[in-house]
Amino acid sequence: MIGNLNHVAIAVHDLEAAAKTYRNTLGATVSEAVPQPDHGVTTIFVELPNTKIELLEPLGEDSPIAKFLERNKAGGIHHVCYEVQDIQAAVEHLRNEGATVLGTGEPKIGAHGKPVVFLSPKDFCGTLVELEEA
Ligand code: CO
């Protein structure tokens with residue numbers, strides 16, 4: 001069902017510092033910062049030849065990554081995002097398999113303007129999984 005790895009997301013306290021690390025220390029191509037008020041984060045994408053890294057900084061009071069950063073003082077890997085061809089079919093399949101789709105299960109428009117859902121880490125080896133329609 002899942003296809004390509006779309007991105008690995010890393011939560012950080014300081015987005016500009018993280019962007020500098022990827023740009024200067026690791027020599028990667030790094031996007032501008034984009035506030036995503038609907039998702040409570042500001043994002044920067046690091047473009048790699050075969051995938052992307054999504055750097056996430058909390059935005060606003062109720063950011064969904066605030067608690068994660070409280071637990072992970074140095075930042076850390078927050079989720080992985082896999083591509084699927086048909087997100088509604090994927091949600092149905094996952095529910096039939098007993099997996100927990102977070103929230104209402106209705107896809108939201110994600111950071112790339114495409115429908116996404118998140119899956120509970122408890123069902124996926126302790127890792128928060130994002131599915132994005134390719
Ligand atoms: Co993501």
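**Exercise 1. Work out how His-7 and His-79 sit in the fold and what they bind.**

Both His-7 and His-79 are buried (under 20% relative accessible area with a 1.4 Å probe, protein chains only; exposed is over 50%, and partly exposed lies in between). Before going on: this is a predicted model, where local features need pLDDT of at least 70, side-chain atom pairs count only at pLDDT 80 or more, and totals for chains, interfaces and linings use all residues. Residues are numbered from 1 along each chain as its sequence is written, and side-chain values use heavy atoms, with hydrogens and water left out.

Next, look at the metal. The cobalt ion is held by His-7 (NE2), Glu-54 (OE), His-79 (NE2) and Glu-130 (OE), at 2.0 to 2.4 Å. Donors here are N, O and S atoms within 2.8 Å of the metal (3.2 Å for Na, K and Ca); water is not among the atoms, so sites may look incomplete.

Then read off the spacing: the donor residues follow H-x46-E-x24-H-x50-E. His-7 in strand β1 (residues 5-11) and His-79 in strand β6 are 72 residues apart, a pair linking distant parts of the chain. Strands are DSSP runs (E, at least two residues), numbered from the N terminus.

**Exercise 2. Explain why Cys-81 and Cys-125 form no disulfide.**

Start with the search: the whole structure has zero disulfides, meaning pairs of cysteine sulfur atoms within 2.5 Å. The sulfur of Cys-125 is 17 Å from the closest cysteine sulfur, in Cys-81, so the two are too far apart for a bond.

Finally, compare surroundings: Cys-81 is buried, at 0% relative accessible area, whereas Cys-125 is exposed, at 81%.

Technical notes: Helix = DSSP H or I, 4+ residues; strand = E, 2+ residues; numbered from the N terminus.
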